[in-house]
Every structure is written in C-alpha cells, then in structure tokens.
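Here's a quick tour of empty space in a protein model. Have a look at the structure first, then read on for the details.

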Amino acid sequence: MTETFSERRSRRGTGPAGEPPGGTRPAGERRRGADVRFPPLGREVDAGGFRRALAAHAAGVVVITAQADGVPAGLTATSFSSVSLDPPLVSFYVDQSSTTWPRLRSADHFAVNVLAGDQAELAARFARKDVDRFAEPTRWRPGPLGAPLLQDVSAHLICLPHEMVDVGDHVLVVGLVAEARVHGPGRPLLYHQGRFGRFIAHP
C-alpha cells in the first residue's frame, strides 16, 4: 500500500514542515505562509494567466521513445527532470489524453533522447499528430533493449519503468536509469514562450 505524506511524517514523529508532533513551535516563532488564504474551490487561478506564467520558464526538450509490439512510439516532452542520484531516477509528465501514451505505457522500457540545439524540427515532429514520427527525415536506430534511439542527440538514457502516478490531468512517469550515454557537449534545445530556441552561455 502506498504511504501518504502525512503517514510518512507521523512515522518520523514530526508534523508538517518538520514541526514537532502537534505542530507546537517555540514562542514567537511563526511558520511562513500560515496566514495565507487561498480562494475557495471553483475560483482557482485563471487558466490563461497560469499558462502565460509557465511559458516564462525555459525548459529543456527531450523525446521519449519506446517500442510496443514491434511498433516504435515517441513523443516530445519539456517536463523532463532528474529525481534521484541513488538510485538513478528521472521523470517526465505526459498528458492523460495523449494518443501515444498507451503505447509507451505498455512498453517494458523507454529511452530519453536529450535533444541538441539544432533539433527543433525533430522536436516539432514528435509533437505533431497524424504523422509517422519515425519516417524520413527522422534518423534513428534500435537501442540495446529495442527502444528507438534518435541520431545526433546530446545524450541517451535507457530507463525501466519505476513508478507511474496520476497527477491532475497528467501522468507522472518515473524511470530507473539502466544506461546513460553522452554523445557530445553541444548546446541544448530549449522551449520558452511557445517556441524552441538555443542556449547561449553567459560570458
């Protein structure tokens, strides 16, 4: 059975944010945010404003690939992140309405293709619907376990499914990294304000 955050805190003998049991604190000390009042349910943040705020955050771009029943599948993700070094875990989010997700989910492993700065067209292709994403001009080869590996990317990570959790309208996918290979120190591809771009290092 999955342990909840509150159960985990109780087991450690602490309250929220590391407080002693019962939430008691030394006199005069105040937990930040304790007096914050959120709007009532049904009056959440404006969706358009939320998207604009998120668009201000630049994100790296990867393509997640897998092979299910001998058929390659893949999608572009800008939610990729490292999770843990020991064990080596990474994660990404995928929309629950994605038509590609069922095929990825049924695979026994997947590959993370870290795109290079000149691969914006490849990222756009794997985000497009009603197109054979693995047809020309896409260049790829089968990986050591079968998942497609895209050519000319900055790095490949071969992952085994570790955990999947429904979070809002997305699925959080956590993978255990079985193999990691870096192919070059090239600049990464970024996604910002709805467009792909390249990273420029500060002098």
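The largest cavity (a set of points on a 1 Å grid over the protein atoms alone where a 1.4 Å probe fits but cannot get out) is lined by Phe92, Trp101, Leu104, Arg105, Ala107, His109, Phe110, Pro161, Met164 and Val173; lining residues have an atom within 4 Å of a point. This is a predicted model, where local features need pLDDT of at least 70 and side-chain atom pairs count only at pLDDT 80 or more, while totals for chains, interfaces and linings use all residues. Residues are numbered from 1 along each chain as its sequence is written, and side-chain values use heavy atoms, leaving out hydrogens and water.

H3 (101-105) and S9 (155-167) each put at least two residues into that cavity lining, and H3 gives the most, with three. Helices (H or I, at least four residues) and strands (E, at least two) are DSSP runs, numbered from the N terminus.

Now for the pockets: each is an open set with protein on both sides within 12 Å along at least five of seven lines.

| Space | Volume |
|---|---|
| Largest pocket | about 1,300 Å³ |
| Second largest pocket | about 250 Å³ |
| Largest cavity | about 60 Å³ |

A volume here is the space filled by probe spheres set on the points, with grid points joined across faces, edges and corners.

The largest pocket has 30 lining residues, and the closest to its centre are Thr78, Ser79, Tyr93, Asp95 and His170. Helix H2 gives the most to this pocket's lining, with four residues.
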